[in-house]
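Morning, everyone. Please bring up the sequence and the structure, and we will walk through them together.

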Amino acid sequence: MKGSTYRRCYCRGEDGKPLGKSCPQLTSRRHGVYAIRQELPARADGTRRSFSRGGYGSAKDAQEALDQVRALLAVPDGDDTEGQVAVGDLLEKVSKDSKAPLPDLAETRRRLTRGQKLTATLTVGDLLDEWLEVKRKSRRRTTLNGYESHVRVHLRPHLAERRLDRLTVGHVQAMFDAIDEQNETIAAENQRRREQEELCRWTKPGRPPAAERAKIAEQRAVLAELPPYRRITGQATKHAIRRTLRTALNFAIGREYITFNPAKHVELGAAKRATGLLWTAERVARWRETGEKPSPVMVWTPDQLGEFLDAAEGDELYALFHLIAYHGLRRGEGVGQAWADIDFQTRTLTVAKAITVDGWTPYEDEPKTADSAGIVRLDSGTVAVLQAHRAQQLRARAERLQAGLPWTDTGKVFTQDDGTWLHPETVSDAFRRIVAEADLPPINLRDLRHGAAALIKAAGGDLQDAKEKLRHSTIVLTADTYMPLFAETEQELTERAAAVVPRARRQAPSDTAAHASLTQEPEDDEGPRPS
């Protein structure tokens, strides 16, 4: 490809136009500066381009620069068209910035050999784009949505413009410090909105008088100008953000863009996993008084679960609630369960598919983890419930077809009236409605799965049994979530076991001597009882 050095000046004629090569002073070696021009490989679309740069003080300097450009162009093999275009892209970008140094020859050769981007200033934003593009081909949609949310809301605003090879622990720590500061702002704004809402309420009986209505209208106008409620980025979410960044940077290390992962060394406060607590009588009373749940994860006692199942028995989704309560299926697993994966002879159910939502759109996917896909053994009561549900579904199908209405045979256990997929949120809505109608202490549908762990403990099982029943990947996850629940259940079982022993007398009064015989008969006013 053609290339040359030449001398140019910036003199202008009487008409104000550059003289260029016609400048008479170019005959003097001290006039003007030297420049280079080198034709580059055509762009990917076939259009021509060239590298141009001036400002060299001597012909020697200009020739050395031209030789360096030509050496860069010679890095790809003659038949490596893609590599030639990449080097051309690099030099074209450098040409547009007169102050940018020419790329290092050895570094360019190393990057090209390893299939890396040739841009010397690869940013964190560039990395995140490349990493997400790879993840889109292999990750579940829900996992990918989480990654994209972390990148869009937190990582890109704080780190996108930083050079990847210069990213430090301090930069990442500064991002989390900024999140903490924003949390304080959000908390203050939320509190301000709550206080303003109180000023907009009329708490006295009857309609407010005209003067008060005017004041309330003014307060509502102030409320309309306040920021809406926003969620604070909790500690668990910050740990998830760091995991996303750490994964992306590990990807960069694998591509040999960097050698150090600063996200690995950022210190964050501990994020405790929400633990399950039983709805004891004391906690239920406190909830009815204050409306506050003791923990994000609450679990019904067996008696409360029985009340719920009794209340749900007439609902069309009763079999699904029964299955989740007794065997711990996740919502998406239950909705995605197929009849073909249930064997009534062996009393087993195979978790093979799950229906989850992307925004609001449901889609079928593999179970959450590799351990989630597995066989669940069913009790005889659950088998009977599923068989009754199957018979009812077949009757409903026959009635629709007889009436000339369409039926979509999806093969799913739980469907809409026309046989199509059941939307997962429909299940949650029905669950909340039944809980409210039964006046039970509130739990989430997912907590019904947690209740299956309590049933395992009540039946004499341990954490390993709960891990296998709930199909957790590690027993650590089971222990972190259910250890307090198991401890409470253990205490309840201890009290029940003690109450099983029949006693012929009431418990001795508190002033009874500590060394009194446990078999001593109590006396009344008429003397000792006959034996």
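**A small sheet, then helices and cores**

Let me start with an open sheet. It has 3 strands, in the order S6-S7-S10, and the pairing is antiparallel. Which strands stand at the edges? Strand S6, residues 342-343, and strand S10, residues 375-377. Each has a single partner strand, so one side of each is left without a neighbour in the sheet. Strand S7 covers residues 348-350, and its antiparallel pairing with S10 runs over 3 bridges. One residue pair to click on: Leu349 has Val376 in S10 as its bridge partner.

A caveat before we go further. This is a predicted model. Keep that in mind for every distance I quote.

Now the overall picture. The chain has 531 residues, and 37% of them count as buried. There are 17 helices and 12 strands. Take the contacts with a separation of 6 or more: 62% of them come from residues 24 or more positions apart. The accessible surface is about 31500 Å², and carbon and sulfur atoms hold 50% of that.

Next, the nonpolar cores. How many residues does the largest nonpolar core have? It has 42. The residues with the most contacts inside it are Trp300, Phe308, Phe321, Phe431 and Leu448. Six entries are on the list of elements giving two or more residues: helix H9 (281-290), helix H10 (302-312), helix H11 (318-327), helix H13 (380-402), helix H14 (424-438) and helix H15 (445-458). Which of them gives the most? H11, with 7 residues.

Zoom in on Phe308. Set aside its neighbours within four places in sequence. Phe308 is then in contact with Trp300, Phe321, Phe431, Ile434, Val435, Leu440 and Leu448. Apart from this core lies another one, of 28 residues. Tyr147, Leu155, Leu167 and Ala248 are among its members.

Back to H13 for a moment. H13 has 23 residues. From first C-alpha to last, H13 reaches 33 Å, close to the 33 Å expected at 1.5 Å a residue. Which residues of H13 are buried? They are Thr382, Val383, Val385, Leu386, His389, Gln393 and Arg400. Their cover includes H11 and S6. S6 is also an edge strand of the sheet I opened with. H11 is the helix that gives the most to the 42-residue core.

On to charges. The whole structure holds 24 salt bridges. I will show a few.

First stop: Asp180 and Lys238. Their side chains meet in a salt bridge, 2.6 Å from N to O. Asp180 lies in helix H6, residues 169-199, and Lys238 lies in helix H8, residues 235-254. The pair therefore ties together parts that are 58 residues apart in sequence. Buried or exposed, where does Lys238 fall? Lys238 counts as buried, at 6% relative accessibility. The cut-off for buried is under 20%. Asp180 is partly exposed, at 30%.

Stay on H6. Glu197 forms a salt bridge with Arg193, with the closest N and O atoms 3.9 Å apart. A salt bridge is counted within 4 Å. Why do these two sit about one helical turn apart? Because they are 4 residues apart in helix H6. Arg193 is buried, with a relative accessible area of 17%. Glu197 is partly exposed, at 22%.

Some salt bridges share partners. Arg43, Arg49, Asp89 and Glu92 are joined that way into one network.

One more pair. Arg163 forms a salt bridge with Asp165, and the closest N and O atoms are 2.8 Å apart. Arg163 is partly exposed, at 26% relative accessibility. Asp165 is partly exposed too, at 42%.

Last, return to helix H8. Arg243 lies in it. Arg243 is partly exposed, with a relative accessible area of 43%. How far apart are Arg243 and Lys264 in space? They are 8.5 Å apart, C-alpha to C-alpha, with their positions 21 residues apart in sequence numbering.

To recap, with the model predicted throughout: an open antiparallel sheet of 3 strands, a largest nonpolar core of 42 residues, and 24 salt bridges. Over to you.

Conventions:
Residues are numbered from 1 along each chain as its sequence is written. This is a predicted model: local features need pLDDT of at least 70, side-chain atom pairs count only at pLDDT 80 or more; totals for chains, interfaces and linings use all residues. Side-chain values use heavy atoms; hydrogens and water are left out. Buried means under 20% relative accessible area, exposed over 50%, partly exposed in between (1.4 Å probe, protein chains only). Contact means heavy atoms within 4.5 Å. Accessible areas come from the Shrake-Rupley method with a 1.4 Å probe; for residues, only the protein chains shown count as cover. Two strands pair if DSSP finds at least two bridges between them. A nonpolar core is a set of buried Ala, Val, Leu, Ile, Met, Phe, Trp, Tyr and Cys residues joined through side-chain atoms within 4.5 Å. The expected span of a helix is 1.5 Å times one less than its number of residues.
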